[in-house]
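These are my notebook entries on a single protein chain, set down in the order in which I looked things up. I began with the surface and the confidence, and went on to the side-chain contacts.

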Amino acid sequence: MEAQARGLLETEPLQGRDEDTVASADFSSMLSEEEREELKAELVQLEDEITTLRQVLSAKERHLVEIKQKLGMNLMNELKQNFSKSWHDMQTTTAYKKTHETLSHAGQKATAAFSNVGTAISKKFGDMRRK
């Protein structure tokens with residue numbers, strides 16, 4: 001129902017066949033010469049803005065690298081920090097805690113079982129020596 005209410009205001013990206021439909025449509029015959037010129041000017045302006053934004057982003061990324069270098073942060077340190085944080089986050093999940101508890105309990109049971117088997121074997125060998 002919500003999707004129907006949005007109608008033309010759909011914010012989902014175009015899918016493959018939608019892009020093909022739009023790409024193959026010929027809107028140029030519906031435009032006047034003045035509209036066509038305005039759109040061309042807008043296109044040039046948008047391309048210039050995109051180029052400028054890419055340059056600004058590139059400069060900011062270089063500045064970011066410089067700051068990280070000054071702070072002694074390198075890729076390996078970042079990876080270690082990310083791994084440590086992810087490991088900590090995982091350990092604090094309910095699923096991890098339950099799994100850890102279950103495996104810990106199973107390990108204790110297995111240890112007790114092996115101990116009992118070892119004791120029984122030792123007892124059998126002891127009985128065999130006496131006979």
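**Surface.** I looked up the accessible area of the protein chain first and found about 12,400 Å², of which carbon and sulfur atoms supply 60%. I then asked what share of the 131 residues counts as buried. The computed answer is 0%, with buried taken as under 20% relative accessible area.

**Confidence.** I note here that the model is predicted, with a mean pLDDT of 83 over the protein chain and 79% of the residues scoring at least 70. Where is the confidence lowest, and where is it highest? The low end is helix α1 (residues 2-6), with a mean of 50, while helix α3 (residues 33-70) stands at the top with 95. I keep in mind that predicted coordinates should not be read in detail where pLDDT is low.

**Fold elements.** I listed the secondary structure and found five helices and zero strands in the protein chain, so that I can write the order from the N terminus as α-α-α-α-α.

**Salt bridges.** How many salt bridges does a search of the whole structure find? I recorded three, and I took them up in order along the chain.

In the entry for Glu33 and Arg36, I have the closest N and O atoms 3.4 Å apart, and I placed both residues in helix α3, where three residues, about one turn of the helix, separate them. Arg36 has a relative accessible area of 26% and is therefore partly exposed.

My next entry is the salt bridge between the side chains of Lys68 and Glu78, at 3.0 Å from N to O. This pair links distant parts of the chain, since Lys68 belongs to helix α3 and Glu78 to helix α4 (residues 75-91), ten residues apart. I checked the exposure of both partners and found Lys68 partly exposed at 22% relative accessible area, with Glu78 likewise partly exposed at 23%.

The last of these entries is Lys85 with Asp89, whose side chains meet at 2.8 Å, N to O. Because the two residues are four apart in helix α4, about one helical turn separates them. Is Lys85 buried or exposed? Its relative accessibility is 51%, so I entered Lys85 as exposed, the cut-off being over 50%; Asp89, at 36%, is partly exposed.

**Aromatic rings.** I searched for ring pairs and found one aromatic pair in the structure. The pair is made by Trp87 and Tyr96, with ring centres 6.2 Å apart and planes at 75°, which is why I entered it as edge-to-face. Trp87 is partly exposed with a relative accessible area of 40%, and Tyr96 also counts as partly exposed, at 24%.

**Nonpolar patch.** Finally I asked which residues form a nonpolar patch on the surface. I noted Val117, Ile121, Phe125 and Met128, which together have about 410 Å² of accessible area. I followed one of them further: Phe125 is found in helix α5 (residues 94-130), and its relative accessibility of 47% makes it partly exposed.

Conventions:
Residues are numbered from 1 along each chain as its sequence is written. This is a predicted model: local features need pLDDT of at least 70, side-chain atom pairs count only at pLDDT 80 or more; totals for chains, interfaces and linings use all residues. Side-chain values use heavy atoms; hydrogens and water are left out. Patches are made of residues with over 30% relative accessible area and no salt bridge: like charges are joined within 9 Å, nonpolar side chains (Val, Leu, Ile, Met, Phe, Trp, Tyr) within 5 Å. Accessible areas come from the Shrake-Rupley method with a 1.4 Å probe; for residues, only the protein chains shown count as cover. A salt bridge is a side-chain nitrogen of Lys or Arg within 4 Å of a carboxyl oxygen of Asp or Glu. Buried means under 20% relative accessible area, exposed over 50%, partly exposed in between (1.4 Å probe, protein chains only). Rings of Phe, Tyr and Trp (its six-membered ring) pair if their centres lie within 6.5 Å; planes under 30 degrees apart count as stacked, over 60 as edge-to-face and the rest as tilted. pLDDT is the predictor's confidence in each residue, from 0 to 100.
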